[in-house]
Each structure stands twice: as C-alpha cells, then as structure tokens.
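Here's a quick walk through a few spots in this fold, with helix packing as the main theme. Have the viewer open as you read.

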Amino acid sequence: KAGVYDYLRKETLDKDRLYSTILRAYEEHQEERNKLNELTSQSQAFNKALFYQELEQKDKNKNNRVLIFIELDKHEILEKRLGIISRDNIIRHIAKQSFEVFKMGETNPSITRFGDTSVAMLIDEPKSRNILEFNLEGLCAHLGKHPYKFNDKKIPATVSVGALCLSDKKLNAEEYIKHAL
C-alpha cells in the first residue's frame, strides 16, 4: 500500500540486508507520513476561514481566547531593499516561528496571514495577564534568536506585537480585528 522502496535480487539477499532494507523503507514511509501530517496541520492552522469562524465562536465550553497581532516593522524599507518576495518570506518565517512557540506552550494556536505585513493568531487565554505578558516577551525573544535567513545570511527585522483578550469584549470578528489594530 505504501509503494515500492527497493528491489532486492534473490542472489544477493541475506538476513541483514533484508532487515536493513525493511527498516529503511519503514523509516522513509514514516517520514513521508509525518511530512504529510505536518502539512495538513499547518494548512488547517493557517486557514483564514477557520480562523474567522473560531474568532466569532461564542461557545461557553471552550477556553477564552486571546487575539494576537504581529506586524512587521519598517516593512516599506525592507521591501525597497530586498523586494516583495523577501518581505513575504520574512512574514512567513515570523508566522511559522510564532505558531511553533505557542504550539509548544499548548495554547491551541491558530494563525492566519493578515494583510501583506502582519499575521493574526488566536491562543487559549492564560490564567493571568502576567503569564500572557511573559509568553509575549518569550515570543519576542524567540523571534530575536531565530531571524529569517537567506543564503545563510541573517536578515534583521523587528515586529510590533499586540494582544486583545476576547473575554473582555463581545464583538464580531471584524470588530475584534478593528479593536485590536
């Protein structure tokens, strides 16, 4: 079902070669499945329609959420110096790094691109505002330690980060976004 990974001739077949071939085929199959699962997970995480739907959910059984905006600073300068494609790659890098940071923290993150120069993220609201501030400071420190690289050259960029606790307001998605901006 997984496809053919190797072809072994009877004349050269022995126990060790058969074992190593089966093991390598299994590992390659697992690697392909993991990549596919990661792509599926990322496509769901970065789906704008699902993001807006989640933003407007008023389900009382769910945790309260926090809307986080991350915007690339001085994007006009970066765009003039490096071009639109590099600016977009920087935004993608920031989005992926941010998603990974909050995913490790088990905050149930979802993220979407918001315009040309920013991303929006929803996370579970921490138990206190101090924890939220600590998490956001940790995100900024992580982004500082993991800058975007092109041809092994670090491309310096800064971001502005803002957060809005959705439990504080009862608005629709557009109003949440306008308020957060």
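What follows covers two helix pairs and then a couple of single residues, all in a predicted model.

## H2 against H6

Let's start with a pair of helices. Two packed helices are described by the angle between their axes and by the distance between those axes. For helix H2 (residues 48-56) and helix H6 (residues 173-180), the angle is about 90° and the axes are 8 Å apart. Angles of 65 to 115 degrees count as roughly perpendicular, so H2 and H6 are roughly perpendicular to each other.

Who does the touching? On the H2 side the contact is made by Tyr52, Leu55 and Glu56, and on the H6 side by Ala173, Glu174, Tyr176 and Ile177. Sorted by class, this contact of H2 with H6 has five nonpolar residues and two charged ones, with no polar residues.

## H4 against H5

Next up are helix H4 (residues 84-104) and helix H5 (residues 129-145), which pack at an angle of about 135° with their axes 10 Å apart. That angle makes H4 and H5 oblique to each other. The crossing of H4 past H5 is right-handed.

From H4, the residues in this contact are Ile94, Gln97, Ser98, Val101 and Phe102; they meet Asn135, Leu136, Leu139, His142 and Leu143 of H5. The class split for H4 with H5 is six nonpolar and four polar, with no charged residues.

## H4 by itself

How far should the 21 residues of H4 span at 1.5 Å a residue? The expected figure is 30 Å, and the end C-alpha atoms of H4 are 30 Å apart, so the two agree. H4 is followed by Glu106, a residue with a positive phi, near 55°.

## Two residues to click on

Is Thr21 buried or exposed? Thr21 sits in helix H1 (residues 15-45), and its relative accessibility is 10%, so Thr21 counts as buried. Leaving aside residues up to four places away in sequence, Thr21 touches Asp6 and Leu8.

Pro156 is found in the loop between strand S5 (153-155) and strand S6 (159-165). Its relative accessibility is 59%, and exposed means over 50%, so Pro156 counts as exposed. Pro156 also makes a handy link back to H4: Ile90 is 66 residues away from Pro156 in sequence, yet their C-alpha atoms are 9.6 Å apart in space.

Terms used: Residues are numbered from 1 along each chain as its sequence is written. This is a predicted model: local features need pLDDT of at least 70, side-chain atom pairs count only at pLDDT 80 or more; totals for chains, interfaces and linings use all residues. Side-chain values use heavy atoms; hydrogens and water are left out. Axes are lines fitted to C-alpha atoms, for helices over the stretch in contact, and angles run from 0 to 180 degrees between N-to-C directions. Helices (H or I, at least four residues) and strands (E, at least two) are DSSP runs, numbered from the N terminus. Angles under 35 degrees count as roughly parallel, over 145 as roughly antiparallel, 65 to 115 as roughly perpendicular and the rest as oblique. Contact means heavy atoms within 4.5 Å. Ala, Val, Leu, Ile, Met, Phe, Trp, Tyr, Cys and Pro count as nonpolar, Asp, Glu, Lys and Arg as charged, and the others, Gly among them, as polar. A crossing is left-handed if the near helix is turned anticlockwise from the far one by less than a right angle, and right-handed if clockwise. The expected span of a helix is 1.5 Å times one less than its number of residues. Buried means under 20% relative accessible area, exposed over 50%, partly exposed in between (1.4 Å probe, protein chains only).
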